[in-house]
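Student: I should like to take a close look at a single part of this protein. Could the tutor please describe one residue and its surroundings in a connected account?

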Amino acid sequence: MLNLFTFLLEKLSLLSLWTLFHPGFTDTGKEKRELQPAPQPSHPLPRRGDLLEVPRTLFTHFGIYLGDNKVAHLIPDILPALTSDPKSVRSVITNHRLILGCICKCASVRVDSLEDFAYGSGVLINRQDGERKVLKNEEVARRAERLLGEVQYSLLWNNCEHFVTFCRYGAAESRQTEQFCECLKGIVRDQRSAIASALLGIVSIICFGLAPATSLPTILVPFTLWMAS
């Protein structure tokens, strides 16, 4: 009987030691699991004065982050030219308002929430900083705030990218404009453009008859393209 009691006591001692030092059953193990750092967000949060980019289907939209989930951006909008009602003007700009603003060259530098600015797309932060000198973030934000209000819009010479590069780098530039102009130059320099415009002019003469309104463009436009090619 004494031997049996001693045997059981040894087994219980071994079991208690195994339980004490096994990491899955100790308080230390629990603390280690609880003190593990929370996963960091995959995308850094913007800071006041950061330059934000939102890729769209045909272009990229730009803005300056002002803090508190607010973004200043230049965007075409026809509504400020039609009404002075602040509630209507402050509403989210629709595609119709934007297109009419482009045609009429009406725009404004306005403040929207980060969600409205992104419009469901991903946001890129400070992608152009490595290529030029950057102003201090607070100065960038103050420049953007000073420009709030209605402005004249130009698709090539005063768009949203001109606004943000002026605020962040001190010089208004637009890569999208440069790329468009390079593409246009390539079309003009291509001799096939002169041939195509000449054929189009001949077709217009056949359809509408020989008149100054059809014959002069038929001669001058292909000749200009040919000389530029």
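Tutor: A suitable starting point is the polar contact of 2.8 Å that the side chain of H61 makes with the side chain of H73. A polar contact is a pair of N or O atoms within 3.5 Å; within protein, one must be able to donate a hydrogen and the other to accept it, and residues adjacent in sequence count only if both atoms are side-chain atoms. The structure is a predicted model, in which local features need pLDDT of at least 70 and side-chain atom pairs count only at pLDDT 80 or more, while totals for chains, interfaces and linings use all residues. Residues are numbered from 1 along each chain as its sequence is written, and side-chain values use heavy atoms, with hydrogens and water left out.

H61 belongs to strand β2, which covers residues 60-67. Helices (H or I, at least four residues) and strands (E, at least two) are DSSP runs, numbered from the N terminus. H61 counts as buried because its relative accessibility is 5%; buried means under 20% relative accessible area, exposed over 50%, and partly exposed in between (1.4 Å probe, protein chains only). Leaving out residues up to four places away in sequence, H61 touches L52, E53, V54, R56, H73, L74, I75, F117 and C160, where contact means heavy atoms within 4.5 Å. With C160 the separation along the chain is 99 residues, yet the C-alpha atoms of H61 and C160 are 6.6 Å apart.

Two of these neighbours lead further. E53 is part of strand β1 (residues 51-55), and E53 is classed as buried because its relative accessibility is 2%. The side chain of E53 is joined to that of R127 by a polar contact of 3.3 Å. Beyond residues up to four places away in sequence, E53 touches T60, H61, F62, G122, V123, L124, R127 and Q128.

C160 leads to helix α8. This helix spans residues 160-169 and is mostly covered, with nine of its ten residues buried. The buried residues include C160, F163 and Y169. At the start of α8, a side-chain oxygen of N159 comes to within 2.9 Å of the backbone nitrogen of E161. After α8 comes G170, with a positive phi near 85°.

H73 also appears in the surroundings of D112, a residue of strand β4 (residues 106-113). Apart from neighbours within four places in sequence, D112 is in contact with N69, K70, V71, H73 and R90. D112 is buried because its relative accessible area is 12%. A polar contact of 2.9 Å links the side chains of D112 and R110.

Finally, confidence must be considered. The mean pLDDT of the protein is 79, and 76% of the residues score at least 70; pLDDT is the predictor's confidence in each residue, from 0 to 100. Confidence is highest in helix α7 (residues 137-146), at a mean of 97, and lowest in helix α2 (residues 27-34), at 42. Over residues 11-42 the pLDDT is below 50, and this stretch has seven contacts in the model beyond near neighbours in sequence. Where pLDDT is low, the predicted coordinates should not be read in detail.
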